Amino acid sequence: MWLRKDQPKRINLLLHIHHLLLCFPQSSLLSMATLSFNTTRMRTPSLPRISRPSSFTKPIKTHLSSSSSSQTLSKRHRFVSRSLPETKEETLIIKQEEETEDDDPTSELSYLDPETDAESIKEWELDFCSRPILDSRGKKIWELVVCDASLSLQVTKYFPNNVINSITLKDAIVSITQDLGVPLPEKIRFFRSQMQTIITKACKELAIKEVPSKRCLSLFLWLQERYDTVYTRHPGFQKGSLPLLSLDNPFPMNLPENLFGEKWAFVQLPYSAVREEISDFDEKFVFGATLDLDLLGIDVDENTLIPGLSVASSRAKPLAAWMNGLEVCSIEADSSKGCLILAVGISTRYVYATYKKTPVTTDEAEAWESAKKASGGLHFLAIQDDLDSDDCVGFWLLIDLPPPPV
């Protein structure tokens with residue numbers, strides 16, 4: 001079996017845990033709990049093992065109630081492990097690095113890594129939103145933040161609140177390409193649904209494909225860092241100011257029929273094997289998505305087991321193809337409701353599957369979530385022809401990150 005631990009192949013290092021009932025209820029449920037980005041070294045809790053997989057019975061529907069100067073910024077190295085320094089020497093080095101990066105918080109940033117081929121940057125991540133900073137009029141300052149997934153491109157621009165429209169955004173995008181000599185991107189990802197109209201209009205006028213998605217992970221981390229090192233030092237910073245445009249987290253919807261699977265199982269893969277899987281991702285998988293683990297600074301032991309979900313279908317390739325266009329963000333096991341939640345795009349959440357609640361399945365779901373938290377939110381989705389197969393058709397590496405504080 002693909003999931004048995006006695007098989008030597010790379011992906012077969014997965015440990016088969018338990019097959020559960022797969023069904024798609026016509027119901028809604030409580031929203032997903034916020035998960036913190038935990039990168040400390042933790043050993044993954046062992047998941048309960050069952051000698052025989054449970055049989056797949058008739059699906060049970062569960063009815064649930066909803067209870068303008070520029071500066072340079074070194075790429076990558078700003079987003080490192082959150083682990084604490086262990087020696088006084090390490091603490092001194094960190095303080096020295098912070099002092100060298102102690103730039104003017106009112107300045108703007110326009111940076112392109114000189115070692116990067118500008119033509120290779122085809123996708124941007126973008127945020128256009130107010131910040132917890134007041135201008136001389138006592139109004140909130142807006143900021144455009146643009147980067148690519150590798151942080152080879154990094155741009156920030158401040159704007160007064162009375163010029164926020166698609167024309168301003170379009171002109172700003174064009175000015176980035178002119179100032180840094182980069183081409184217009186093929187795609188721009190953004191994560192705020194409230195800005196979708198403005199961003200979509202600006203992109204369409206420039207023939208850029210807009211992609212609503214929470215897979216803006218580099219942008220998420222950069223916004224967190226800017227909050228800690230830039231916004232809080234700005235003379236107009238307003239402590240305790242809530243984000244003007246908060247992220248949506250709606251109740252889950254019914255799963256579209258084209259996304260139905262037939263069987264599924266909780267699985268695990270050692271962190272070392274996860275890194276091996278994504279080392280030559282494009283050659284191994286036609287469908288799926290990966291993450292830059294070095295950029296994310298995931299700090300877990302190589303033998304730590306990363307939790308995942310394996311979904312089997314007799315139409316695995318069409319299923320993987322449909323999933324490939326959804327911007328899959330994360331999966332949650334809601335043990336209180338006996339279901340799995342699939343988050344895609346910006347604010348779309350589906351009841352991906354339900355299972356019959358028993359003490360065993362509840363323990364398993366809770367252990368799966370605990371393993372996810374222990375691995376810094378890292379988890380994955382694999383689509384197979386059969387749960388006993390040696391290969392998978394699609395592979396998505398996912399991570400739960402808390403939303404940025406702005």
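**Figure 1. D301, a loop residue that is partly exposed.** With a relative accessibility of 34%, D301 counts as partly exposed, because that class covers values between 20% and 50%. Like every view here, this one comes from a predicted model. To find D301, look in the loop between α7 (293-296) and β10 (305-312). You can also pick out S272, which is 29 residues away from D301 along the chain. The C-alpha atoms of D301 and S272 are separated by 8.3 Å.

**Figure 2. The largest nonpolar core and its best-connected members.** This core has 46 residues. Which of them touch the most other members? They are Y231, L293, F395 and L397. Helix α4 (residues 217-229) gives the core its largest share, six residues. A second core, separate from this one, has 29 residues, including I331, L342, Y350 and L381. In soluble globular proteins, nonpolar side chains tend to be buried together.

**Figure 3. A closer look at L397 and its partners.** Here we set aside the neighbours of L397 within four places in sequence. What is L397 in contact with, once those are left out? Its partners are R215, V274, I278, A289, T290, L291, L293, L378, H379 and F380. You have already met one of them, L293, which, like L397, is among the core residues touching the most other members.

**Figure 4. W222, a buried residue of helix α4.** Look along helix α4 to find W222. Is W222 buried or exposed? It counts as buried, because its relative accessibility is 1% and the cut-off for buried is under 20%. C147 lies 75 residues away from W222 along the chain, and the C-alpha atoms of the two are separated by 8.9 Å.

**Figure 5. Helices α2 and α3 crossing.** This view shows helix α2 (residues 166-180) with helix α3 (residues 196-205). Their axes come within 8 Å and cross at roughly 50°, which means that α2 is oblique to α3. The crossing of the two helices is right-handed. From α2, the residues making the contact are S166, L169 and K170. From α3, they are I198, I199, K201, A202 and E205. Sorted by type, the residues of this contact divide into four nonpolar, one polar and three charged.

**Figure 6. I164, in the loop before α2.** Follow the chain between β5 (153-159) and α2, and you will find I164 in the loop. I164 counts as buried, because its relative accessibility is 18%. Leaving aside neighbours within four places in sequence, I164 is in contact with F128, W142, F159, M195 and I198. I198 is also one of the α3 residues in the contact between α2 and α3. W142 is 22 residues from I164 along the chain, with 8.0 Å separating their C-alpha atoms.

**Figure 7. L151 and E327, each with a positive phi.** Most residues other than glycine have a negative phi. L151 is not a glycine, yet its phi is positive, at about 60°. Its place is the loop between β4 (140-147) and β5. At 1% relative accessibility, L151 counts as buried. E327 is another residue other than glycine with a positive phi, near 55°. Where does E327 lie? It is in the loop between α8 (316-324) and β11 (328-334). E327 is buried too, with a relative accessible area of 16%.

Key
Residues numbered from 1 in each chain as written. Predicted model: local features only at pLDDT ≥ 70, side-chain atom pairs only at ≥ 80, totals over all residues. Heavy atoms only, no water. Core = buried A, V, L, I, M, F, W, Y, C linked by side-chain atoms within 4.5 Å. Buried < 20%, exposed > 50% of the residue type's maximum accessible area, 1.4 Å probe, protein only. Helix = DSSP H or I, 4+ residues; strand = E, 2+ residues; numbered from the N terminus. Contact = heavy atoms within 4.5 Å. Axes fitted to C-alpha atoms, helices over the stretch in contact; angles between N-to-C directions. Parallel < 35°, antiparallel > 145°, perpendicular 65-115°, else oblique. Left-handed = near helix turned anticlockwise from the far one by under 90°. Nonpolar A, V, L, I, M, F, W, Y, C, P; charged D, E, K, R; others polar.
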